[in-house]
Amino acid sequence: MNTQEIISIAESSLMKTYGRYKIVLDKGDGVTLYDTEGKTYLDFCAGIAVFALGYNNKEYNDALKAQIDKLIHTSNYYYSEPAALAAQNIKNATGMDRVFFTNSGTEANEGAIKLARKYYYINHGKADSEIIAMNHSFHGRSIGSLSVTGTKKYREAFEPLIGGVKWAEFNNIESVKASVSEKTSAIIMETIQGEGGIYPADEDFIKEVRRICDENDIVLIFDEVQCGMGRTGTMYAYQQYGVKPDIVTTAKALGCGVPVGAFCANEKVAAAFAPGDHGTTYGGNPFVCAAINKVFELFEKENILSNVKEVGDYLFEKLDEIADKYDFISEHRGRGLMQGLEFKMPVKDIVAKCIDSGLMLISAGTQIIRFVPPLVITKKNVDDMIVILTGVLDGIE
Ligand SMILES: *Cc1c(COP(=O)(O)O)cnc(C)c1O
């Protein structure tokens, strides 16, 4: 099939939920993607912060192939070695006590909301709980996770969503305090907001939120679906804040491309779930867990965290220079290999031009370009990216 045929079949068969670029990706190698026309792209998107190890990593691929030949799926009614080890790996990485596997980040947040509500229900003897969520947050597109997603245009057409959600301003502790009541079961937030525009939480804010939760027996949920798994230089971003949540949700880079997520909780909160309270058919099957285990092994072996710190700092310097150079860029923010440039105008055309020029980028919101490359990128890759980006930005009036 040629490129045009593939696009036309897809256009006539898929739901129109995405405005897709007119390229067909065919294969990947390291930080390079190839389309069906043989054109290459330097990847600073990683399938939206997923493919941390780079494409076509031989050890990762071999581990998946071996598990395919052994056992792909069973049910959660039985144990499997890959799932036991993956749960242990996630416990060690998050500092949580118990893990529930899901198929996506959205579903991890659904589970987190359910667990927090159950915890409240047990402690209060009634089901009238509220959740505090942040403006500009993103937690997913299902009804539950959409209900706590702080972008009105994503929610509006799908209301009524779940009730009892109160909105607070990210990094504004007074607005959180104003929303707390005896009915507050949970506060849910990203440690570093991703889709909303790459906004890191302030340290004071996050510590104060933790204190409020402790004082009022409120479950603190950190959604680390995007900023977790090494992206900011520690396995989980909250580890840089000296604060631990009660529930963590994780996905995206967790399986580096196989669909898997998890929500994890400390013993106190996890104890609220009893058999029958929650479930999933696929979640945490041997295949995806073999991927998780190999990801953790390779993170260690390839010193991913120190690479993120080193190359992340370098990227920060280089993007600072870019932000200084062009008047139409208003701000540069981020941590590690999760950074954003905010423009004074929409970035859609700029992103399209970068892709045309062989640089895979993605926006966050309408005015922010997001940089979430594979975590194995090098300084040389950063230099190459800057050359392409500068070429595109120089062409802007
Ligand atoms: C991507 C994302 C989600 C949703 O994850 P899916 O795997 O797409 O369901 C939830 N929260 C955050 C912070 C995300 O970045």
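These notes cover one helix pair and one sheet in a predicted model.

1. Helix pair. Helix 4 spans residues 81–94 and helix 11 spans residues 286–301. Their axes lie 8 Å apart, and the packing angle is about 40°. Angles under 35 degrees would count as roughly parallel. The two helices are therefore oblique to each other. The crossing of helix 4 over helix 11 is left-handed.

2. Contact residues. Helix 4 contributes Pro-82, Ala-83, Leu-85, Ala-86, Asn-89, Ile-90 and Ala-93. Helix 11 answers with Pro-286, Cys-289, Ala-290, Ile-292, Asn-293 and Phe-296. By class, the contact of helix 4 with helix 11 has 11 nonpolar and 2 polar residues. Charged residues are absent from this contact.

3. Sheet layout. The sheet is open and has 7 strands. Strand order is 4-12-11-10-7-5-6, and the pairing is mixed. Strand 4 (98–102) and strand 6 (165–168) form the edges. Each has a single partner strand, so one side of each lacks a neighbour in the sheet. From one strand to the next, the twist averages 20°.

4. The edge at strand 6. Strand 5 (residues 130–134) runs parallel to strand 6, and 4 bridges join them. Within strand 6, Ala-168 stands opposite Met-134.

5. Helix over the sheet. Helix 5 covers residues 105–124. It lies across strand 4, strand 5, strand 7 (184–190), strand 10 (219–223), strand 11 (247–250) and strand 12 (261–265). Relative to strand 11, helix 5 runs at about 165°.

Notes
Residues numbered from 1 in each chain as written. Predicted model: local features only at pLDDT ≥ 70, side-chain atom pairs only at ≥ 80, totals over all residues. Heavy atoms only, no water. Axes fitted to C-alpha atoms, helices over the stretch in contact; angles between N-to-C directions. Helix = DSSP H or I, 4+ residues; strand = E, 2+ residues; numbered from the N terminus. Parallel < 35°, antiparallel > 145°, perpendicular 65-115°, else oblique. Left-handed = near helix turned anticlockwise from the far one by under 90°. Contact = heavy atoms within 4.5 Å. Nonpolar A, V, L, I, M, F, W, Y, C, P; charged D, E, K, R; others polar. Pairing = 2+ DSSP bridges.
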